[in-house]
2 protein chains.
Amino acid sequence: MSDREQNSSKRTTIYDLAKLANTSPTAVSSILNGTWKKRRISKRLAEEVTRLAEEQGYSTNIQASLLRRARSNIVGMIVPKYDNRYFGDMAERFEAMARERGLFPVVTCTQRNPDLEMEAAKELLSFQAETLIATGATDPDRITALCKAAGVTSINLDLPGSAAPSIISDNYAAARALTEMILDRCAADLGWTGPLHFVGGRMSDHNTLERLRGFRDAQTARGITPVEQNVLARGYSADQSEAALEQLRVTGPMGLFVNSTISLEGVMRWITTHRDEAEHPIRFGTFDWDPFGAFLPGNVGMARQDVGGMLAHLFALIENGGEVTAPILVPCSLESIAAAR
Amino acid sequence: MSDREQNSSKRTTIYDLAKLANTSPTAVSSILNGTWKKRRISKRLAEEVTRLAEEQGYSTNIQASLLRRARSNIVGMIVPKYDNRYFGDMAERFEAMARERGLFPVVTCTQRNPDLEMEAAKELLSFQAETLIATGATDPDRITALCKAAGVTSINLDLPGSAAPSIISDNYAAARALTEMILDRCAADLGWTGPLHFVGGRMSDHNTLERLRGFRDAQTARGITPVEQNVLARGYSADQSEAALEQLRVTGPMGLFVNSTISLEGVMRWITTHRDEAEHPIRFGTFDWDPFGAFLPGNVGMARQDVGGMLAHLFALIENGGEVTAPILVPCSLESIAAAR
DNA sequence: CAATGTTGCTCAACCGATGGAGCATGATTG
DNA sequence: CAATCATGCTCCATCGGTTGAGCAACATTG
């Protein structure tokens with residue numbers, strides 16, 4: 001008795017179905033993958049096989065199928081984290097949009113860990129991904145090199161690289177607008193004119209640098225001289241932002257540019273434990289959006305990155321290809337938060 | 001000239017490497033997959049081939065590899081959403097823990113859409129997943145049936161099913177404790193004793209029912225008679241919670257059990273637009289945790305589900321197998337939020 | 001120095017699905 | 001009624017790795 005005949009733990013294959021339907025594996029295959037009309041298989045047989053497949057709980061062995069097929073339609077994406085709305089939306093909507101287009105999304109999370117980033121990229125290449133999206137990658141160019149060697153297209157998202165097309169937020173413009181908003185509200189609510197503080201992010205990170213540029217230019221444009229010591233960019237984690245703020249001794253009013261919702265967690269912890277609003281009032285704005293941001297006392301606005309817009313550009317690139325040029329800049333929207341009553 | 005010789009877009013295979021190293025594909029394969037010592041391949045050749053593979057940017061074709069191998073080591077997981085910390089952490093830590101164990105995580109997001117749920121499950125079966133984790137699934141038993149037919153183990157997470165082992169939070173106990181906390185704070189802060197309101201979730205959902213049971217019992221135990229009209233469980237979305245609250249005409253103090261951070265978004269919108277804290281003060285507690293929850297005025301506590309604990313149980317089940325018994329209940333932690341100053 | 005063991009490989013079958021080529025059978029046409 | 005066509009299939013090679021079996025060449029042992 002062959003292995004195939006015992007209906008044990010082994011998964012059903014087209015050979016099993018062929019035997020059951022008294023036909024050939026080829027017929028079964030073409031029926032189940034939709035090419036049966038082209039192959040002039042009768043409707044009768046097609047229905048019979050479909051019924052049997054259902055009944056037996058058959059599912060195609062993608063491994064076998066992809067091995068044989070020319071195209072995999074797999075688009076891989078690496079994402080640093082799922083702990084904020086920005087990357088969460090990115091992953092979720094990427095999956096949805098890929099499916100809509102008949103592509104096969106495979107997303108994996110790399111924990112902001114450069115080694116894991118590379119490993120995950122290799123993994124996705126092993127899966128025969130045809131395109132690899134590196135989202136917020138620490139070293140996008142290394143990933144691009146990997147992909148190039150395998151003949152795979154890669155695209156950078158959120159953080160730019162020099163070796164593949166990049167789609168990023170217009171960090172400068174949004175940071176400048178957000179800074180203006182913070183200044184306005186400091187003036188209106190507190191009668192205070194800066195200079196502001198900046199917290200969160202990394203100086204090695206393109207986005208942080210661009211946001212800082214906007215942060216500085218907005219102040220300079222109003223005749224305020226930005227203070228270098230006011231920039232606390234020692235990482236994205238909440239703990240580091242909190243620690244950096246704790247070392248400050250700011251008395252009097254304060255205006256703060258918070259560079260990410262992750263840093264905002266640290267900011268909020270610091271505010272609630274170390275500041276007395278009546279004595280040392282604070283106003284801040286956040287680069288990035290969170291649904292609870294609007295309800296945090298002191299938050300005057302959020303720069304919301306346009307995930308949908310970025311993904312639209314992304315899929316245009318996937319479908320039509322694209323040159324390695326300057327990064328595509330996607331504008332952010334600025335959400336203003338009314339003063340608390 | 002064969003296709004294999006032209007170094008064009010085609011990916012490098014073990015056959016290419018074998019030709020370059022003047023050896024056999026078998027040797028190359030065993031060197032690259034680590035079985036070369038067992039196969040008594042010389043260190044010299046192993047190093048040479050490894051070097052070549054690196055140089056050529058070789059990556060294993062997982063499809064081919066898995067097709068032949070007996071085991072895939074793939075563990076699939078479906079997750080409804082990435083728009084809250086609970087599921088985000090779940091996905092992220094699942095990936096990390098799976099990797100630690102030499103397994104291959106593939107996570108996909110189903111948008112709380114029952115059809116997509118089934119499709120995604122089929123997809124993961126096609127990928128030869130050996131285990132499928134259905135997280136927060138609408139119809140876990142249908143997924144289990146699918147898996148059974150394919151001879152694949154399935155495990156329910158977050159929401160229980162009757163056909164596969166389930167790991168869920170101890171919703172009853174946590175809801176009861178949270179309700180007590182809300183009652184305590186209503187009494188302490190407002191000098192008011194209930195009965196409380198409940199918002200968010202679905203009456204068809206096991207977790208909501210268990211939480212409601214805890215909600216009711218906690219009140220009854222204090223001699224408060226729960227009011228059925230106070231239960232507003234018409235879905236998990238923020239909009240629906242907001243709309244349900246808008247239809248209320250509650251004057252005077254109010255105590256609210258918020259069933260999920262998603263519903264909390266709606267609650268916060270309603271509070272900020274429709275309530276005047278001085279006139280109609282409100283205290284609420286949230287089932288589920290969000291980093292910004294602690295800073296929302298009126299929030300007295302959060303029941304935080306123990307993602308790490310649930311996943312520990314999950315991997316124990318994956319590794320040792322498990323019977324279909326009553327769901328494993330994982331206790332939640334209760335985070336108390338001090339009164340605003 | 002024949003028997004046995006060790007080292008370092010190669011060969012060929014196989015995993016499951018796919019697609020081009022091909023082959024009966026019956027219907028249609030000149 | 002032979003030639004042609006349409007219908008409804010089947011056969012077989014193939015994708016790229018993996019694995020058990022096997023085979024030279026050399027070393028060791030009784």
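A residue is near a strand if one of its heavy atoms lies within 4 Å of that strand. The exercises below apply this criterion to a predicted model.

**Exercise 1.** Determine which residues come nearest to DNA strand D, and what share of the strand's atoms within 4 Å of the protein belongs to sugar and phosphate.

*Solution.* Step one: 26 residues surround DNA strand D, and those that come nearest are Ser24(A), Ser42(A), Tyr15(B), Ser29(B) and Arg68(B). Step two: of the atoms of DNA strand D that come within 4 Å of the protein, 44% belong to sugar and phosphate.

**Exercise 2.** Identify the part of DNA strand D that is approached by the side chains of Arg40(A), Tyr15(B) and Arg69(B).

*Solution.* Step one: a polar side-chain atom of Arg40(A) is placed 2.7 Å from a base oxygen. Step two: for Tyr15(B), a side-chain N or O atom lies 2.6 Å from a base nitrogen. Step three: Arg69(B) has a side-chain N or O atom 2.7 Å from a phosphate oxygen.

**Exercise 3.** Describe the surface near DNA strand D by structural element and by residue class.

*Solution.* Step one: two or more residues each come from helix 2 (25-33) and helix 4 (62-68) of chain A, and from helix 1 (14-21), helix 2 (25-33) and helix 4 (62-68) of chain B. Step two: helix 4 of chain B gives the largest share, 4 residues. Step three: the classes comprise 9 nonpolar, 10 polar and 7 charged residues.

**Exercise 4.** Is Ala312(A) buried, partly exposed or exposed?

*Solution.* Step one: locate Ala312(A) in helix 12 (residues 307-320) of chain A. Step two: its relative accessibility is 41%, so Ala312(A) is partly exposed.

Key. Residues numbered from 1 in each chain as written. Chains lettered and ligands numbered in written order. Predicted model: local features only at pLDDT ≥ 70, side-chain atom pairs only at ≥ 80, totals over all residues. Heavy atoms only, no water. Buried < 20%, exposed > 50% of the residue type's maximum accessible area, 1.4 Å probe, protein only. Polar contact = N/O pair within 3.5 Å; in protein donor to acceptor, adjacent residues only side chain to side chain. Nonpolar A, V, L, I, M, F, W, Y, C, P; charged D, E, K, R; others polar.
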